[in-house]
Amino acid sequence: MPQLPPCPQCDSEYTYEDGVQLVCPECAHEWTEAELAAAEAANVIRDANGNELQDGDTITVIKDLKVKGSSSVVKVGTKVKSIRLTGGDHDIDCKIDGIGAMKLKSEFVKKV
């Protein structure tokens, strides 16, 4: 018998098949394998060139970025090491030398 994936809502391991759907008996969530694959594909964060980003990657800024609330600017070509991916509009957390902790949008960076 194939191993069924855990529930995407409550992480219960007691899922079962009901026709083409998978059902969680603990939270009553229902989903299909196709929905699960589409949701995982949507969570992939890509840089300006379409390369997939991962936690710990090194990136380069491809556009001058003004720092909100400051007169500082993050210049083109600034290298940022050990990024951390988050959800939301600004999906990269990082520390930039000389500026400090920042959140960046993935559309303004490229993977090194």
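Which residue stands opposite valine 23 in β3? Let's find out by walking through this model, which is a predicted one.

Start with a sheet made of three strands. It is an open sheet, its strands come in the order β1-β2-β3, and their pairing is antiparallel. The edges belong to β1 (16-18) and β3 (30-31), each of which pairs on one side only. Look at β2, residues 21-23: two bridges join this strand to β3, and the two run antiparallel. Here is the partner we were after: valine 23 stands opposite glutamate 30. If you wonder what holds such partners together, strands of a sheet pair through backbone hydrogen bonds, either parallel or antiparallel.

Now follow the chain through the loop between β2 and β3, where you'll meet alanine 28. Its phi is near 65°, a positive value in a residue that isn't glycine. That deserves a second look, because most residues other than glycine have a negative phi. Alanine 28 has a relative accessible area of 55%, so it counts as exposed. Go back to the segment before β1 and you'll find aspartate 11. Aspartate 11 isn't a glycine either, yet it has a positive phi of about 60°. With a relative accessible area of 61%, aspartate 11 is exposed too.

Next comes another open sheet of three strands, this time in the order β7-β4-β11 and again with antiparallel pairing. The edge strands here are β7 and β11 (109-111), and each pairs on one side only. Strand β4, residues 59-61, is joined to β7 by two bridges, and the two strands run antiparallel. To see how they line up, find threonine 60, which stands opposite lysine 79 in β7.

Just before β7 there's a loop to visit. It runs between β6 (73-74) and β7 (79-80), and lysine 75 sits in it. Which residues does lysine 75 touch, once those up to four places away in sequence are set aside? They are Val61 and Asp64. Isoleucine 62 is another residue to locate: it is 13 residues from lysine 75 in sequence, and their C-alpha atoms are 8.3 Å apart in space.

Let's move on to β9 and β10. Five bridges join these two strands, which run antiparallel. One pair of opposite residues is cysteine 94 and methionine 102, the latter in β10. The two strands make a hairpin with three residues between them, and glycine 98 takes a positive phi near 85° there.

This hairpin leads us to the largest nonpolar core, which has 15 residues; Ile59, Val74, Ile92, Cys94, Met102 and Leu104 touch the most other members. Strands β4, β9 (92-96) and β10 each supply at least two residues of this core. The largest share, three residues, comes from β9. Another core, of six residues, lies apart from this one, and among its members are Leu4, Leu22, Cys24 and Trp31.

Methionine 102 is a good residue to click on. Leaving aside neighbours within four places in sequence, methionine 102 is in contact with Val67, Val74, Ile92, Asp93, Cys94 and Ile96. Methionine 102 also helps line the largest pocket, together with Leu65, Lys66, Val67, Lys68, His90, Lys103, Leu104, Lys105 and Phe108. Two elements give two or more residues to that lining, β5 (65-66) and β10 (100-104). Which of the elements gives the most? It's β10, with three residues. The pocket holds about 190 Å³ of space. Sorted by class, its lining has five nonpolar, one polar and four charged residues.

Our last stop is another residue of that lining, phenylalanine 108, in the loop between β10 and β11. Is phenylalanine 108 buried or partly exposed? Buried would mean under 20% relative accessible area. Phenylalanine 108 has 22% relative accessibility, so it counts as partly exposed. Not counting residues up to four places away in sequence, phenylalanine 108 touches Thr60, Val61, Ile62, Lys63 and Leu65. Try finding alanine 48 as well: it is 60 residues from phenylalanine 108 along the chain, yet their C-alpha atoms are separated by 6.2 Å.

Methods: Residues are numbered from 1 along each chain as its sequence is written. This is a predicted model: local features need pLDDT of at least 70, side-chain atom pairs count only at pLDDT 80 or more; totals for chains, interfaces and linings use all residues. Side-chain values use heavy atoms; hydrogens and water are left out. Helices (H or I, at least four residues) and strands (E, at least two) are DSSP runs, numbered from the N terminus. Contact means heavy atoms within 4.5 Å. On a 1 Å grid over the protein atoms alone, a cavity is a set of points where a 1.4 Å probe fits but cannot get out, and a pocket is an open set with protein on both sides within 12 Å along at least five of seven lines; lining residues have an atom within 4 Å of a point. Grid points are joined across faces, edges and corners, and a volume is the space filled by probe spheres set on the points. Ala, Val, Leu, Ile, Met, Phe, Trp, Tyr, Cys and Pro count as nonpolar, Asp, Glu, Lys and Arg as charged, and the others, Gly among them, as polar. Two strands pair if DSSP finds at least two bridges between them. A nonpolar core is a set of buried Ala, Val, Leu, Ile, Met, Phe, Trp, Tyr and Cys residues joined through side-chain atoms within 4.5 Å. Buried means under 20% relative accessible area, exposed over 50%, partly exposed in between (1.4 Å probe, protein chains only).
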